[in-house]
Amino acid sequence: MPEYEAPLADMRFVLENVVDLQALAQLPGFEHVDPETTYGILEESGRFFSQEFAPLNRVGDTQHSRRGEDGAVTTPAGFVGAYRRYVDAGWQAVPFPPEYGGGGFPWLVAIAMQEMMTASNMAFSLCPLLTQGAIDMLLHYGSEEQREVYLPRMVTGEWTGTMNLTEPQAGSDVGALTTRAVPADDGTWRITGQKIFITYGEHDLADNIVHLVLARVPDAPPGTKGISCFIVPKFLVNDDGSLGERNALECVSIERKMGINASPTCVMAYDGAVGYLIGEANQGMRYMFKMMNNARLSVGVEGLSLGERAYQQAVRYATERRQGRAVGAPPGADSPIVEHPDVRRMLLTMRAQIEALRCLAYLNAESLDIAGRHPDPAVATARQELADLLTPITKGWGTDLGVELTSLAVQVHGGMGYIEETGVAQHYRDARIAPIYEGTNGIQAMDMVGRKLPMRAGGVMADYLAGIEATAAELSGAAEPDLATIGKHLADAHAALRQATDWLLANGLADPNNALAAASPYLRMCGIVTGGWLLARSAAAAQRALAEGRGDAGFLTQKVLTARFYAEQLLPQAAGLAPAVTAGPGDLLAAVF
Ligand SMILES: Cc1cc2nc3c(=O)[nH]c(=O)nc-3n(C[C@H](O)[C@H](O)[C@H](O)COP(=O)(O)OP(=O)(O)OC[C@H]3O[C@@H](n4cnc5c(N)ncnc54)[C@H](O)[C@@H]3O)c2cc1C
């Protein structure tokens with residue numbers, strides 16, 4: 001039995017029923033995206049990741065990446081070979097433009113692949129993930145020359161990329177960064193400063209590392225308005241494309257961490273390193289904001305991926321481990337723990353939240369694709385708004401759930417879950433970083449109430465709520481009792497979220513502390529209700545297929561059951577959060593620490 005099996009049937013169900021891969025393939029630029037071919041790619045890449053990356057997950061956790069005296073970083077045994085095969089297979093290139101050697105597939109397909117890559121080995125997946133982010137930045141804002149020099153080899157994965165934002169005094173407050181960039185006579189720049197926590201800042205997987213570094217040019221305005229973005233390659237690139245001199249930068253140490261041990265988290269020192277300005281000076285933060293949707297979606301997917309991986313392990317353990325006799329079981333032998341209702345509750349809670357998260361992440365990705373490609377500007381704008389609204393939910397709720405789901409998997413294992421040997425504890429430790437990086441979840445919640453809720457004076461959120469209300473009304477009136485039950489619970493949750501939203505719109509502007517104090521419970525409410533909405537749509541689709549005699553009846557019946565469980569037992573938690581949203585900041589501000 002492989003350690004991780006790509007959940008292809010579940011993924012395909014979402015791609016066909018919650019989002020619409022078929023319709024996406026009709027958009028300009030995606031004509032070559034035949035859905036059947038795409039499912040073939042997913043199957044093949046899923047096999048690759050579970051065979052090549054998954055077996056290295058534990059190796060990476062125990063061996064860690066290591067830095068030698070000379071500053072070189074060695075990844076755990078097997079990583080170099082697996083990465084080489086990843087590059088040779090062309091997986092890195094799938095979503096990028098054909099003119100740079102990419103496959104031109106939708107972001108939705110990349111996200112589905114990423115789900116499997118991250119589930120197989122999160123620490124490994126971060127190298128391609130960071131490279132993707134750097135490619136995205138160069139595609140949008142790099143000059144033609146910069147794109148030609150760097151993109152072809154980053155798109156294949158031969159060169160990797162990093163994002164260098166954080167400094168000791170500049171974490172959530174990126175505007176506090178002090179790394180300096182001074183112009184040189186030849187039009188390039190010299191970068192000096194120290195960056196911390198740089199993922200894959202140094203390693204042995206690729207020939208070159210293309211660092212994207214945020215720095216300040218002379219006389220830059222203070223704060224985020226004075227940040228510029230530079231390409232600072234580990235090796236300078238000669239005119240003929242070959243690698244030249246080593247640049248004046250080094251990895252001075254790597255961190256010992258709670259999880260993702262195979263991923264080198266580097267302190268990087270830049271000492272007059274040659275840099276190339278991307279776009280215009282002082283526009284770096286604007287560029288980063290544009291990149292954020294993709295990067296935050298990818299990190300949200302980490303919650304889904306680790307949840308799925310831990311779920312598969314928990315189900316396996318629960319069917320093997322025997323303890324106690326389940327009610328109604330014949331005397332004489334212990335029952336597998338999967339027969340105990342409380343264990344079943346844990347497993348079904350995991351399954352329901354994982355399925356909800358998958359729907360959310362794929363809808364988020366599809367929205368980015370439609371926003372970028374749809375010929376009707378009204379449709380494109382509406383989908384951009386939806387992607388903007390969903391992004392903090394996917395990142396914030398998704399990564400919080402990643403921690404909760406992996407914790408549940410530990411619980412299913414009992415004492416063995418706490419023992420490293422079973423490997424389930426690693427998923428929990430690995431999952432813990434995701435609510436912290438790429439903007440902490442506190443920052444996501446502030447983004448939700450401070451930027452996203454006020455979009456179109458609350459109009460974007462109103463449209464979103466109207467969509468949820470319409471699904472609730474449709475299902476509440478359904479003749480099929482499961483759908484009617486789901487519809488009723490969705491209607492209640494929608495009412496609670498609408499009330500909380502109205503309160504925030506009325507009180508958040510009057511006193512920003514009202515919004516800031518409410519932000520985290522509000523973001524969680526949004527996540528829970530969105531999950532309920534998307535599972536309701538999934539149940540309706542499964543029920544339709546069942547009625548029409550299409551598909552695997554057992555699989556479809558479980559889809560309806562999972563959605564009903566979520567609606568009846570998890571969705572009501574949304575209303576329970578409303579008092580925390582509308583309480584105001586009084587207690588929080590009066591508390592003495
Ligand atoms: C393993 C790892 C990998 C990383 N990879 C990278 C990378 O590749 N590149 C990179 O540039 N960075 C990277 N980071 C840095 C990461 O993005 C930061 O740690 C993160 O942004 C938080 O910054 P901080 O650690 O300074 O925490 P702080 O900003 O000090 O936050 C501490 C707490 O205060 C809260 N807080 C802070 N400000 C506010 C506010 N205004 N309102 C409300 N609450 C607030 C936060 O939500 C958090 O709970 C990585 C970090 C780690 C640990």
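**Entry 1: Aspartate 219**

I looked up aspartate 219 and found that it counts as exposed, because its relative accessibility is 80% (exposed means over 50% relative accessible area, buried under 20%, and partly exposed in between, with a 1.4 Å probe and protein chains only). Aspartate 219 is found in the loop between strand 6 and strand 7 (228–233). Helices (H or I, at least four residues) and strands (E, at least two) are DSSP runs, numbered from the N terminus. I also noted the phi angle of aspartate 219, which is near 65 degrees, a positive value in a residue other than glycine.

I recorded that this is a predicted model, in which local features need pLDDT of at least 70 and side-chain atom pairs count only at pLDDT 80 or more, while totals for chains, interfaces and linings use all residues. Residues are numbered from 1 along each chain as its sequence is written, and side-chain values use heavy atoms, with hydrogens and water left out.

**Entry 2: Tyrosine 200**

I turned next to tyrosine 200, in the loop between strand 5 and strand 6 (208–215). Its phi is near 50 degrees, again a positive value in a residue other than glycine. Is tyrosine 200 buried or exposed? Tyrosine 200 is buried, because its relative accessible area is 1%.

**Entry 3: The ligand and its shell**

I then listed the surroundings of the ligand. There are 18 residues around the ligand, and the closest are Thr166, Ser172, Phe197, Thr199 and Thr440 (a residue is near a molecule or strand if one of its heavy atoms lies within 4 Å of it). By class, I recorded nine nonpolar, seven polar and two charged residues in this shell. For these classes, Ala, Val, Leu, Ile, Met, Phe, Trp, Tyr, Cys and Pro count as nonpolar, Asp, Glu, Lys and Arg as charged, and the others, Gly among them, as polar.

Which strand gives the most to the shell around the ligand? Strand 5 does, with three residues. Strand 3 (159–164) and strand 5 (189–199) each supply at least two residues of the shell.

**Entry 4: Polar atoms at the ligand**

I noted three distances between the protein and the ligand. A polar side-chain atom of threonine 166 lies 2.7 Å from a nitrogen atom of the ligand. In the side chain of serine 172, an N or O atom is 2.6 Å from an oxygen atom of the ligand. For phenylalanine 197, a backbone N or O atom lies 2.8 Å from a nitrogen atom of the ligand. Taken alone, the ligand exposes 980 Å², and the protein buries 61% of that (accessible areas come from the Shrake-Rupley method with a 1.4 Å probe; for residues, only the protein chains shown count as cover).

**Entry 5: Two asparagines**

I located asparagine 293 in helix 9. Asparagine 293 counts as buried because its relative accessibility is 12%. Its side chain makes a polar contact with the side chain of threonine 391 (3.0 Å). A polar contact is a pair of N or O atoms within 3.5 Å; within protein, one must be able to donate a hydrogen and the other to accept it, and residues adjacent in sequence count only if both atoms are side-chain atoms.

I placed asparagine 247 in the loop between strand 9 (243–246) and strand 10 (249–254). With a relative accessible area of 5%, asparagine 247 is buried. Which backbone nitrogen does the side chain of asparagine 247 reach? The side chain reaches that of valine 274, at 2.8 Å.

**Entry 6: Residues in helices 9 and 11**

I found leucine 304 in helix 9 (residues 284–320), where it counts as buried because its relative accessibility is 1%. The C-alpha atoms of leucine 304 and glutamine 353 are separated by 8.6 Å, although the two residues are 49 residues apart along the chain.

I found valine 412 in helix 11 (residues 377–412), and it is buried, with a relative accessible area of 4%. Leucine 390 also lies in helix 11 and is buried, since its relative accessible area is 0%. From C-alpha to C-alpha, leucine 390 and threonine 199 are 25 Å apart in space, and they are 191 residues apart in sequence.

**Entry 7: Proline 76**

I closed with proline 76, in the loop between strand 2 (73–74) and helix 5 (79–89). Proline 76 counts as buried because its relative accessibility is 2%. The C-alpha atoms of proline 76 and threonine 62, 14 residues apart along the chain, are separated by 8.7 Å.
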